[in-house]
Amino acid sequence: MSITAINVRNQFRGKVKAIIDGPVVSEVDVETPAGIVTSVITTRSVRDLGLAPGVEVVALVKATEVSIAKL
């Protein structure tokens, strides 16, 4: 299932790979065919969504800026 109201280019379907819990916010790593996408969301949202490693999710990306630095 995918969310059709959002531009498909902004969706990455995958599975939760790891969660680093914090007291207020947590990092959620999602393994997708394009690679790992990491989201920082509230720890309450992690609980409310029932997120855990192996759970299927859709990562929705909203970005207004992309920065590039020379290596």
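Strands E1 and E2 form a hairpin, with four residues between them. A strand here is a DSSP run of E of at least two residues, numbered from the N terminus. E1 covers residues 11-20, and E2 covers residues 25-32. The two strands run antiparallel and are joined by five bridges; two strands count as paired if DSSP finds at least two bridges between them. Within this hairpin, Ile19 stands opposite Val28 of E2.

Before I continue, please note that this is a predicted model, in which local features need pLDDT of at least 70, side-chain atom pairs count only at pLDDT 80 or more, and totals for chains, interfaces and linings use all residues. Residues are numbered from 1 along each chain as its sequence is written, and side-chain values use heavy atoms, with hydrogens and water left out.

Which strands pair with the two members of the hairpin? E1 pairs with E4, residues 56-60, in the antiparallel sense over five bridges. Gly14 has Val57 as its bridge partner in E4. E2, in turn, is joined to E3 by eight bridges, again antiparallel, and Thr32 stands opposite Gly35 of E3.

Taken together, the strands make an open sheet of four, in the order E3-E2-E1-E4, with antiparallel pairing. E3, residues 35-42, and E4 stand at the edges with a single partner strand each, so each has one side without a neighbour in the sheet. On average, neighbouring strands of this sheet are turned by 50 degrees against each other, direction ignored. For such angles, axes are lines fitted to C-alpha atoms, for helices over the stretch in contact, and angles run from 0 to 180 degrees between N-to-C directions.
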